[in-house]
There are 6 protein chains.
Amino acid sequence: MERKDLVYITRRARFNAAHRLWNPAWSAEHNLEVFGKCASENWHGHNFEVYVTLKGEVDPELGYFINFNDLKAIMKERIEEQLDHKNLNLDVPWLAGKRTSTEVLARGIWEQMQEGLRGLNCALHRVRIWETENNYADYYGGL
Amino acid sequence: MERKDLVYITRRARFNAAHRLWNPAWSAEHNLEVFGKCASENWHGHNFEVYVTLKGEVDPELGYFINFNDLKAIMKERIEEQLDHKNLNLDVPWLAGKRTSTEVLARGIWEQMQEGLRGLNCALHRVRIWETENNYADYYGGL
Amino acid sequence: MERKDLVYITRRARFNAAHRLWNPAWSAEHNLEVFGKCASENWHGHNFEVYVTLKGEVDPELGYFINFNDLKAIMKERIEEQLDHKNLNLDVPWLAGKRTSTEVLARGIWEQMQEGLRGLNCALHRVRIWETENNYADYYGGL
Amino acid sequence: MERKDLVYITRRARFNAAHRLWNPAWSAEHNLEVFGKCASENWHGHNFEVYVTLKGEVDPELGYFINFNDLKAIMKERIEEQLDHKNLNLDVPWLAGKRTSTEVLARGIWEQMQEGLRGLNCALHRVRIWETENNYADYYGGL
Amino acid sequence: MERKDLVYITRRARFNAAHRLWNPAWSAEHNLEVFGKCASENWHGHNFEVYVTLKGEVDPELGYFINFNDLKAIMKERIEEQLDHKNLNLDVPWLAGKRTSTEVLARGIWEQMQEGLRGLNCALHRVRIWETENNYADYYGGL
Amino acid sequence: MERKDLVYITRRARFNAAHRLWNPAWSAEHNLEVFGKCASENWHGHNFEVYVTLKGEVDPELGYFINFNDLKAIMKERIEEQLDHKNLNLDVPWLAGKRTSTEVLARGIWEQMQEGLRGLNCALHRVRIWETENNYADYYGGL
C-alpha cells in the first residue's frame, strides 16, 4: 500500500439541545435508578460542541484538500440544522429509539458526516463531542 | 459616609438545564414569530455558568470575609440544586409564569442569593449568567 | 431621578484582521523605535474578540429589552462586516488616519454601535476588545 | 471636575506558586478547623492568573496611554519575578505575616503595581486574581 | 481477531498541588543547575487538569459502557483524593522516590486508574495531564 | 522490535501573523472565486496557536526526556521568531511560493521542528495549529 502524505483537519460546530437518558423499554423507576438525574422527567440540556476531523492529501495549488467553508457548510447541514434547538429524544429521526448519550450521538453524527462527505476526496477520521467542559466522547468509525 | 476597604470575590457555579422562550398568554404562532427557534416545541438546553460576586471587608485574621467553601455551599443549595438537570419553565417555582431568558434568570438568582446570604457580613454585588460562549447577562440588583 | 431596574447583557463578535501600529507623520525609523515589532512592514494580525454590553429594562412579556438575535445582527453589520478579513489600517473608513491600537478600535466600535442602536430602547454600556488572550481594552463612552 | 475620555486596558500575567492558608497565631488544630484542606501541612499550589486594569487618556499620536510592552515589563518585575515558582507564605516579603488568600494577594499586588506605575500618566483601576477556574478576587483600591 | 465497535470517552479531574523537581541523590547546587526555578526550595504549585480516556463497546440498552458518574467516582478516589491540596513530593506514597514531573505523574495516574478500573468492561486508553495552559503529558501505557 | 515505554509531551507556542490565501499563478478574479474573503487584497491575520508533541522514554533521574524549557527555546527559535508579527506570504523563506493555509503551515513547522530537534533523544510526533477557535490542522509527518 502506498503511503500518503496525510494532513488532518478539524472543525468545530456547536448546538444547544435538550435531552434525557431514558430507555422506553423500562419503567420510570428503573430509568431513574440507572440514569439518576440524567433521566429527569422534564428534560435538561447542554451546549454541545462537535469537532469533526478529516484526513486527506493537500492539493499544492490550493493548500488544502477541502475548503474549511465547504466543511462548515456540510457540518451546518448535517449537524447544526438537525440538532440545534432540538430535543434529541423527540426531534431527530436518526436517533429515534436510541439513548441520546454523548457516545451514541458521536456514532450518529459519524454516519451523518459520512453521508455528507460522500464523493469528496478525503476521509472522515474522528467525531468528538463535548457535552460539558468535563466530558467528551470520540468515535473513529466501527466494524 | 465611611469609606470601606472593599474586596470583591467571585465564584462560579454551573448547571445544565432545558428551557424555551415562551409566553403562555400568546398563541403558538405568535411565540414562534417573536422567539424563533428559541421557542421550539420540545425544548432545548444549555450548559449555564453563573458567576456570583460579593463585596466585603477582609478580616485580617482570616484573609477573607467569607470562606469560598461557604459560598460554594450556598451556591450549591440556591443555584445548582434548584436548576441543574431541570426544566427552567416547568420545574422551578420561583420562575413560574416568567420568561426563562438569561436576563430574567439573573434576577431570579439574585433573589435566591440574597436569601442565601442573609445575615452574613457581606453584600451581593453582581450575578452574571453565561448562556453560551457568546452571550451573558449581568444583574446588580434593582429599584 | 427615577431609579431603573437595569439588566446588562453582553454579546460577543469575532473578526480576523491585519494591522500594524504606524504613524504616517513619522519616519519608518521612528515608527519602529516607538512601536517595535507591532510596526512590522508587511503587517501582522489577530483573531479579535469584541464584547458589546447594553443596559436596559426588561419587558416582562418578552423577558428581555433586546432580542439577542437583533443585537447579533447589529454587531454583524457594524463590526464583523466592516472588520473581518480586512486590513484595519487600509480598509476601514472610520479608522482612516488613526492608530489601529486596541484602545482606538474600542472607541471606533463604540461609535459604530451607537449608530446601530439608535432608536432602540436601551443604552450602550461598554465595548471590550480582546486582541490576544493576554490583553484587552474597554471603552464606556466619553466626554 | 473636567470629564475625561478614559479608556481602560487590561493585561494578564501568570505565576505558579505554593501556599497554604495558615494563621501562625493559632494552633494547628484550629487552623485545620478553620481553613480545612487549604491548610494542608506540606503546602499546595495554583496556576494564578492576574489581570491588571489601568485607565487613562489615549494619546492620539500613539493610540495608547501606555505601551502594552511597558505594562508587561512592569508586571513582570512587580508580579511574576516576585511570585512565580515561589512559596507565597515563605518567600514574599510584602506578604509576610499575612494570610495568602486570593483576597489578600489582590491587595498586595495592588500596592506593588502602584509603586511600579508611579510617575506614569495613568491610574491603576483594578487588580483581579484567578486562583482556579472557579474563583477570583478583585481589588479597586481602598480607603 | 474480531474488530470491535469502539467508542472512546474522556473525563476531566482537577487538583491543586505543590511540588518541585528535585533528585535527592544530587546536591542542591546540581538540582538547581538542572531544574532551574522548578527546583525552588520552598515549593511551587499548579492547578493540574487530568483527562482520562477509556475505550469500550457501547451497551445499546444503556447508551454507554461506563456511566460518567461511575468514572467520576473512580477518578475522585484514585486521583483527586490522593493529590488535591497535597505536596506531590512528600504526601503521595506511589510517587515516593520519583521525580514529580508531569511525565512521571501521568504514568503514576495510569497505574492508579488501572487499579480503579479492574474488572470493568472497558480499557484505559490514555492519561493526559495539563500542568499549565502551555504544556501537558500523555501516557498510553507501556511495555 | 523492542517495545518502548513512551511518554508524549506537548507544548504550546503562539504567534500573531498576517496572511492571505493566494495563488500567484492565477488571476485575481480566480483567486477571489476560489478563496473568497480569505484572499482579501490587503491581508488579514490571526492569533495562531501551535502545539508541538514529542515522544520519548523518560530518564528516571530527570523525570523527563527533554526539559520543557529546552523545548520552549527550540519552539521560540523555530516558530515564534520566524512567524510572530510577520506576513506569512512575504516574510518567511520556507513558505515562499506556497499557500499559507493552516495545513501547509503545519507541514512547514514540522520540518522546522525536525531541524531543531536533530540529535536529541526523542522524536517529533505531531504539529497542531489552531487558526481560530473553530479550526485546526494536524500533521504527523509524511511519506
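Strands are DSSP runs of E with at least two residues, numbered from the N terminus, and two strands pair if DSSP finds at least two bridges between them. The model is predicted, so local features need pLDDT of at least 70 and side-chain atom pairs count only at pLDDT 80 or more, whereas totals for chains, interfaces and linings use all residues. Residues are numbered from 1 along each chain as its sequence is written, chains are lettered from A in the order in which they are written, and side-chain values use heavy atoms, without hydrogens and water.

**Strand β5 of chain E**

Select residues 135-139 of chain E. Five of the five residues in this strand, β5(E), are buried (under 20% relative accessible area, 1.4 Å probe, protein chains only), so the strand is largely enclosed by the rest of the structure. N135(E), A137(E) and Y139(E) point one way, and Y136(E) and D138(E) point the other way.

**Its two neighbours**

Next, add residues 123-132 of chain E, which are strand β4(E); five bridges join β4(E) to β5(E), and the two run antiparallel. They form a hairpin with two residues between them. Within this pairing, R128(E) has D138(E) as its bridge partner.

Now display residues 6-19 of chain F, strand β1(F). Five bridges also join β5(E) to β1(F), again antiparallel. Here N135(E) stands opposite R11(F).

**From chain E to chain F**

Select both chains. A rotation of 120 degrees with 0.0 Å of shift along its axis superposes chain F on chain E, with an RMSD of 0.0 Å (least squares on the C-alpha atoms of residues with pLDDT of at least 70 in both). That is the relation of a three-fold axis. In chain F, the C-alpha nearest the axis belongs to E133(F), 8.8 Å from it.

Notes:
Buried means under 20% relative accessible area, exposed over 50%, partly exposed in between (1.4 Å probe, protein chains only). Helices (H or I, at least four residues) and strands (E, at least two) are DSSP runs, numbered from the N terminus.
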